[in-house]
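Biologist: Hi! Could you walk me through this structure at an easy pace?

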Amino acid sequence: MPSLVRGVLLGLALYTGSLPVLSCAALVYHDYCIVGAGPSGLQAAYFLQRAGRDYVVFERSHAPGSFFALYPRHRKLISINKRYTGKSNSEFNLRHDWNSLLSHDRRLLFRRYSRDFYPNADEMVRYLEDFASLLKLRVQYNTAIIHVTLERDEQAWNGHYFILTNQDRQNYKCSCLLVATGTWVPNVVNFPGSEYVEGYETVSTNPEDFTGQTVLILGRGNSAFETAENILGVTNFIHMVSRSRVRLSWATHYVGDLRAINNGLLDTYQLKSLDGLLEGDLEDLAIVKDKKGKLHITLRFYVENSNISAGIDSVTLPQDELDNFAPRAPYDRVIRCLGWKFDFSIYNRSLKMMPGKGDKKKYPQIKPNYESTSTQGLFVLGTASHSIDFRKSAGGFIHGFRYTTRAVHRLLEKRHHGVPWPSTVYPVTQLTNSIIKRVNEASGLYQMFSVLADVILLRENATAFEYLEEYPVGILAELEMQTGRKAPSGLFVVIMEYGKNFSGADKDVFYYNRAVGEAQHAWQSNFLHPVIYFYKHLPTEHEMKLRPPDWPLPRPDAIHHIVEDFLTDWTAPNAHILPLRRFLENCISTDLRNFFAESCFLFAFTRQKLPPFCRQGYMRMQGLEGSKGLWRHAVEAGLLQDYSITDFVGDRPPDSHKGSQDQLLRDHVISVHPLQHLVNAKDEL
């Protein structure tokens with residue numbers, strides 16, 4: 001039954017607005033309903049389960065990850081599985097693990113499922129099955145949601161409930177709807193002769209079926225090049241046509257553009273081995289079949305002005321007027337590889353689920369918090385939420401949306417359960433260290449560059465700060481409402497960015513002197529690098545709307561770029577840490593250096609205001625904790641006398657020596673050396 005007709009019939013059994021439900025099946029209620037048990041649906045389920053929330057996941061197939069059971073057709077994923085980085089930090093390693101979901105279970109790291117750098121899709125299916133079963137996620141399989149509508153109710157969380165109906169006409173009711181179905185409906189272009197076109201989703205994957213054939217591929221994305229790569233060695237030649245020019249991911253820095261693993265046809269094209277690429281609007285084309293079954297490319301207006309039923313001889317071909325027309329040779333097969341789009345068909349008009357505009361029309365319209373622009377309480381997760389960062393960041397892929405899904409969960413925890421956004425409070429002396437640690441380790445900042453950011457809220461008088469991780473920058477103006485945290489004394493925003501003019505299909509990213517190495521030129525950095533924005537006040541909605549083009553944030557009161565680093569290791573004392581510390585000090589008018597006790601002692605006599613490190617440590621008599629190693633060092637340095645154990649233990653057994661030594665470390669006063677040995681504060685970092 002066509003989806004449109006099925007939707008009309010279902011509409012008779014359901015209500016719109018305040019009309020009663022006519023179905024005899026009882027409503028099953030859950031606070032949260034997740035549609036789709038793909039990676040983003042399972043990731044959302046994990047966070048809800050850890051928080052103890054009432055939820056259910058609906059999956060139309062018999063197992064999770066049904067998309068990966070079918071695609072990619074040739075089974076090789078383009079998401080990297082880097083098993084070795086030389087580091088043991090698990091958060092850092094996730095920067096280079098593009099397949100694992102977030103969980104507390106170390107067994108559920110994808111590197112345990114595949115040794116291949118580009119894994120097989122079957123291994124992803126097995127991984128998702130284990131993720132759901134080992135974590136005991138509440139997934140209801142073989143349940144296809146075929147209709148979703150609203151029920152108005154002022155007592156509901158969002159002023160309405162969502163009513164979901166499955167293929168058996170069982171109804172479910174929920175307060176919050178999380179759509180994690182991805183984009184799985186094939187993009188199809190209709191033109192005269194399109195009935196002769198085979199789809200990527202059904203075309204043979206056996207190269208022998210293409211032996212000695214001439215093939216035309218419609219499309220220029222990874223699925224098109226993946227298909228070409230599979231048959232490259234057995235065809236006469238392959239032509240590829242699309243409206244836009246090819247975009248290489250290493251030039252655009254967008255993971256969804258053409259990856260090197262699939263671009264063998266570019267070699268054969270540029271090295272003149274018969275294969276080739278063409279640009280043209282597919283809607284202007286037409287295909288006619290001759291008596292031998294060969295497919296000829298012509299233009300739509302030629303066909304519209306001809307009697308195509310009379311045969312190919314009655315149709316004008318471009319080569320009849322231009323004898324060197326590029327695709328003049330007949331083709332044996334034409335294959336459509338145009339990607340996928342979101343399925344809007346199951347959503348009632350009451351939800352107002354609208355497609356985006358332009359290149360984003362394959363995605364539903366959502367706000368920067370991943371909530372529907374028209375329906376409160378409806379959130380879009382995973383690949384379908386990629387309109388937020390399309391062609392910019394990694395939000396359409398596992399290594400990106402695992403973090404945006406966590407961000408949505410934190411927003412929901414605050415909205416519906418009063419749980420503030422997780423944060424940690426540190427003394428201001430830890431400000432530099434906290435930033436350096438995060439930019440060197442955090443995977444969410446690294447993968448969702450320009451989309452997720454760490455936010456540092458300064459406490460009164462800049463004596464302490466509150467650190468919030470991976471907050472969506474698009475809703476920075478709503479931070480206090482969305483997180484339950486206050487920003488009364490200014491804030492820093494830590495984000496990762498590429499250079500403004502470095503990425504693009506027409507950019508030469510390998511030009512000489514492309515890298516910046518000097519700290520004073522850090523603002524000219526091209527590669528991914530940390531940028532710190534300082535605001536004296538939380539930006540307003542109006543300021544967010546007026547931000548410069550291609551800026552993730554409005555103009556700050558001060559900004560600092562940490563110079564790009566070849567190893568993405570921002571720990572160099574002079575190139576990275578010192579310039580950052582001085583920037584932070586200028587912003588908050590506070591000395592952030594650490595000092596030895598001797599320096600703090602001198603400052604107590606020579607300064608009206610001590611640095612925070614001295615105020616928070618030395619003046620409160622908070623020094624180093626006693627230990628055997630420190631005691632030995634003090635003895636060797638002549639700061640403590642080497643008392644014999646018998647001098648103070650008497651006849652006590654040896655097991656009690658440790659306690660006596662610790663008592664000595666607590667009670668003994670270390671003498672202060674003459675002032676000429678003091679370290680000049682200007683020489684300390």
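**A chat about helices and links**

Modeller: Happy to! Keep in mind that this is a predicted model. Let's start with helix α17, where the cover over the buried residues includes α18 (612-616).

Biologist: Which residues of α17 are buried?

Modeller: Along α17, which runs over residues 597-606, the buried ones are S599, C600 and F603. They sit on the same side of α17, because they span an arc of only 100° around its axis.

Biologist: I see a cysteine there. How many disulfides does the count come to?

Modeller: The count comes to one disulfide. C600 and C614 form it, with their sulfur atoms 2.0 Å apart. C600 belongs to helix α17 and C614 to helix α18, so the pair ties together parts that are 14 residues apart in sequence.

Biologist: What is a disulfide, in plain words?

Modeller: It is a covalent bond between the sulfur atoms of two cysteines.

Biologist: And is the link of C600 and C614 left-handed or right-handed?

Modeller: The link of C600 and C614 is left-handed, with -80° about the S-S bond.

Biologist: Are those two cysteines buried or exposed?

Modeller: C600 is buried, because its relative accessible area is 1%. C614 counts as buried too, at 0% relative accessibility.

Biologist: What about C176?

Modeller: C176 is in no disulfide. The nearest cysteine sulfur belongs to C174 and is 7.5 Å away. C176 is buried, with a relative accessible area of 0%. As for C337, that cysteine is buried at 2%.

Biologist: Let's switch to charges. How many salt bridges does the structure hold?

Modeller: There are 22 salt bridges in the structure. The idea behind them is that side chains of opposite charge can pair when their charged atoms come close.

Biologist: Can you show me one?

Modeller: Sure. D122 and R75 meet through their side chains in a salt bridge, 2.8 Å from N to O. D122 is in helix α5 (residues 121-134) and R75 is in the loop between α3 (66-70) and α4 (90-93), so the pair ties together parts that are 47 residues apart in sequence.

Biologist: Is D122 buried, exposed or partly exposed? And R75?

Modeller: D122 counts as partly exposed, at 45% relative accessibility. R75 is buried, with a relative accessible area of 16%.

Biologist: Which residue does R247 form a salt bridge with?

Modeller: R247 pairs with D257, and their closest N and O atoms are 3.6 Å apart. R247 lies in the loop between β10 (237-242) and α7 (249-252), while D257 lies in the loop between α7 and α8 (264-270), ten residues apart. R247 is partly exposed at 25% relative accessible area, whereas D257 is buried at 6%.

Biologist: Got another?

Modeller: Yes, K294 and D332 have side chains that meet in a salt bridge, 2.5 Å from N to O. K294 is in the loop between β12 (285-289) and β13 (295-299), and D332 is in the loop between α10 (318-321) and β14 (333-336), so this pair ties together parts that are 38 residues apart in sequence. K294 counts as partly exposed at 28% relative accessibility, and D332 counts as partly exposed at 24%.

Biologist: Which residues are joined into one network by salt bridges that share partners?

Modeller: That network joins R406, R438, D454, E469 and E470.

Biologist: New topic, helix packing. At roughly what angle do α2 and α11 cross?

Modeller: Helix α2 (residues 39-50) and helix α11 (residues 398-417) cross at roughly 35°, and their axes come within 9 Å. The crossing of α2 past α11 is right-handed. On the α2 side, the contact is made by P39, S40, Q43, A44, F47 and L48. On the α11 side, I398, F401, R402, T405, R406 and H409 make the contact.

Biologist: So R406 turns up again! Last one: why is helix α6 largely enclosed?

Modeller: Helix α6 (residues 222-231) is largely enclosed by the rest of the structure because eight of its ten residues are buried. Those are N222, S223, A224, F225, E226, T227, A228 and I231.

Biologist: What covers them?

Modeller: The cover over the buried residues of α6 includes β9 (214-218), β10, α8, β11 (276-279) and β14.

How values were computed
Residues are numbered from 1 along each chain as its sequence is written. This is a predicted model: local features need pLDDT of at least 70, side-chain atom pairs count only at pLDDT 80 or more; totals for chains, interfaces and linings use all residues. Side-chain values use heavy atoms; hydrogens and water are left out. Buried means under 20% relative accessible area, exposed over 50%, partly exposed in between (1.4 Å probe, protein chains only). Helices (H or I, at least four residues) and strands (E, at least two) are DSSP runs, numbered from the N terminus. The arc is that of the directions from the helix axis to the C-beta atoms. Contact means heavy atoms within 4.5 Å. A salt bridge is a side-chain nitrogen of Lys or Arg within 4 Å of a carboxyl oxygen of Asp or Glu. A disulfide is a pair of cysteine sulfur atoms within 2.5 Å. Axes are lines fitted to C-alpha atoms, for helices over the stretch in contact, and angles run from 0 to 180 degrees between N-to-C directions. A crossing is left-handed if the near helix is turned anticlockwise from the far one by less than a right angle, and right-handed if clockwise.
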